[in-house]
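Trainee: Could you walk me through this protein at the bench-side screen? I would like to practise reading it piece by piece.

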Amino acid sequence: MPELVFFRRGEEVLRVGLGRERMVLGRGDKSDVVIPDPEVSRQQVALVFDGTRCTLQDLSGKGTQVGDTPVTQGELADGADISLGQWRAVFRLHGSGESEGPTEVGSRTEIQSKDSVSRWQPAQVRIKQGASETVHKLQGDSFTVGKDPSCDLVVQDSFISGRHLKVVRRDGHFQVVDTNSTNGTWLGPVRVFEVQVGLPTTLRLGQTELTLEPVTPARREQAFRGLIGNDASVRQLVELIQRVAPSSAAVAILGESGTGKELVARALHDCSQRADKAFIPVNCAAISKELIESELFGHEKGSFTGATNARKGAFEEADGGTLFLDEIGELPLDLQAKLLRALESGEIKRVGASRPVNVDVRVVAATNRDLLSASRDGRFREDLYYRLCVVPLHLPPLRSRKGDILALAEHFLRMYSPRGQTVRLTPATIERLQQHAWPGNIRELRNVVHRGLLLRKGANIEPSDITFDQEVNRETGVAVPELPPGMTLEQMLLKLERQIVEAALRRYNNNRERVARELGVARSTLFKRLKEWGLTRQEEDPES
């Protein structure tokens with residue numbers, strides 16, 4: 001049987017057998033083979049095979065490039081190269097045979113991968129919707145996919161039918177059958193009706209990608225509620241989450257920036273009895289101290305300038321659920337007392353209100369600061385520290401779990417790869433990632449992989465495509481930090497100023513005069529800053 005072999009960026013991506021008398025190639029959904037390229041017309045070309053020879057008919061009105069010549073109509077020779085935008089289709093009069101299994105477009109489509117003849121192995125289904133990704137282990141010999149609750153895998157996508165497709169395991173293959181869905185099941189640019197595939201294979205249903213893939217021993221225990229890793233510290237963290245989640249005890253998540261504190265907080269919520277209620281995150285460092293009280297506790301109409309309506313705060317929004325207070329160490333001292341009262345009594349009072357209201361909220365706090373040290377220095381209330389740290393969860397930095405870097409990088413690669421494409425990290429790239437110190441932790445790794453995916457020149461990510469977040473400024477020799485999500489430049493500068501001053505105080509044994517001199521600021525300016533940050537003693541007079 002003759003076939004078309006499709007290439008993109010020099011890499012073979014698909015084989016289509018000419019099993020029909022007439023086959024249309026184009027960008028439109030009604031084409032037999034859909035070419036997702038803006039340079040291709042909705043119906044670019046038709047190929048007609050009469051059992052002996054294949055004739056090309058241009059449908060675009062502009063001619064279709066065959067080799068170096070634009071053709072409107074003519075017979076295709078064996079090996080003819082058809083240009084379709086960034087794609088190429090090579091016509092082969094004699095297909096590569098049964099063992100290769102070319103695609104046959106029609107009422108029955110059969111595709112076999114190179115791994116399809118291998119013996120059966122444990123498999124799983126990876127469902128990707130935007131940045132969200134879930135994994136489901138395959139238990140039986142078949143499963144159904146769709147929006148209907150009766151399906152084995154229920155996928156919420158407005159472009160997916162109630163019962164969209166069925167997958168049946170047969171020996172070393174999987175038989176995928178589209179059950180008359182409205183918008184179709186797609187394998188690359190081809191709409192399939194019934195297809196036999198091996199592992200791994202990615203199908204597109206509406207706005208969802210469904211990947212059938214093998215379960216490797218390294219992957220069986222590496223993901224829990226989005227937490228990826230096989231390091232002993234990660235396994236211990238997962239075990240603690242599972243044990244602590246069912247209670248309502250306050251939890252403090254401690255770790256460096258970028259280690260995934262909000263992901264842990266969401267895992268605690270999802271595994272708790274409050275999972276069907278709200279999860280409300282608040283970044284205490286990203287809200288000005290003038291507004292943070294209103295954000296947490298709400299306000300009444302007219303309680304301050306601009307309060308044109310009454311508004312619920314985060315505590316009321318999280319009633320019955322979980323409130324996640326990120327960067328809790330940045331909370332002003334006066335608000336720490338009100339937070340402690342809310343935790344102790346379950347009562348909160350809106351700004352401008354005369355009466356308190358009761359709320360049932362589980363508080364999960366997170367910080368990259370040493371709260372115990374801050375409480376001893378008077379920068380954080382000691383009673384609040386012990387109330388929040390009923391259960392402390394320590395998140396390890398990425399540099400201490402080098403064995404998880406590859407699994408995390410591949411996870412982000414799948415998350416950000418263009419639909420229908422498989423991009424890989426070369427061995428040299430993996431080695432470069434393993435050697436980096438990762439001061440920005442998992443957040444930095446995510447950015448590096450995403451950036452490498454955008455900068456790559458070929459099908460794989462090479463070492464030259466990798467650049468790291470914290471590049472050293474050649475003029476100053478100072479590392480430039482990444483601006484955290486949800487934080488403005490002004491807030492970042494204030495935070496850096498405080499960190500520099502605190503480091504200088506430690507370096508010069510709290511000698512304020514020396515710190516002011518070394519930093520090149522007036523003594524009165526330094527004392528003013530220390531007072532604003534709550535780092536002065538009551539007997540200290542900034543003007544003395």
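Mentor: Happy to; we will take the overall make-up, then two helices and a strand.

Trainee: What share of the residues in the protein is buried?

Mentor: Keep in mind that this is a predicted model. The protein has 13 helices and 34 strands. Of its 544 residues, the buried share is 47%.

Trainee: How far apart should the ends of helix 5 be, and how far apart are its end C-alpha atoms?

Mentor: Helix 5 covers residues 333–345, which is 13 residues. At 1.5 Å a residue, the helix should span 18 Å. That agrees with the distance between its end C-alpha atoms, 19 Å.

Trainee: Why do the buried residues of helix 5 lie on the same side, and what arc do they cover?

Mentor: An α-helix has 3.6 residues a turn, so residues three or four places apart point the same way. In helix 5 the buried residues are Leu-335, Gln-336, Leu-339, Leu-340, Ala-342 and Leu-343. They sit on the same side of helix 5 because the arc they cover around the axis is only 160°.

Trainee: Which exposed residues does the face of helix 5 turned away from its buried side carry?

Mentor: The buried residues pack against several elements, including helix 3, helix 7 and strand 31. Turn to the face away from that buried side, and you find the exposed residues Asp-334, Arg-341 and Glu-344.

Trainee: Which residue caps the N-terminal end of helix 12?

Mentor: Helix 12 spans residues 512–519, and Arg-512, Val-515 and Ala-516 are buried there. These buried residues fall within an arc of 95° seen down the axis, so they line one face of the helix. They pack against helix 11 and helix 13. At the N-terminal end, a side-chain oxygen lies 3.2 Å from the backbone nitrogen of Glu-513, and the residue providing this cap is Asn-511.

Trainee: Which residue of strand 32 is the bridge partner of Ile-253?

Mentor: In a regular strand the side chains alternate between the two faces of the sheet. In strand 26, Val-251 and Ile-253 point one way while Ala-252 and Leu-254 point the other, and all are buried. Strand 26 runs parallel to strand 32, joined by four bridges. In strand 32, the partner of Ile-253 is Leu-393.

Trainee: And what is the bridge partner of Ala-252 in strand 31?

Mentor: Strand 31 covers residues 362–367 and pairs with strand 26 in the parallel sense, over four bridges. Among the residues of strand 31, the bridge partner of Ala-252 is Ala-365.

Methods
Residues numbered from 1 in each chain as written. Predicted model: local features only at pLDDT ≥ 70, side-chain atom pairs only at ≥ 80, totals over all residues. Heavy atoms only, no water. Buried < 20%, exposed > 50% of the residue type's maximum accessible area, 1.4 Å probe, protein only. Helix = DSSP H or I, 4+ residues; strand = E, 2+ residues; numbered from the N terminus. Pairing = 2+ DSSP bridges. Arc of directions from axis to C-beta. Contact = heavy atoms within 4.5 Å. Polar contact = N/O pair within 3.5 Å; in protein donor to acceptor, adjacent residues only side chain to side chain. Expected span 1.5 Å × (residues − 1).
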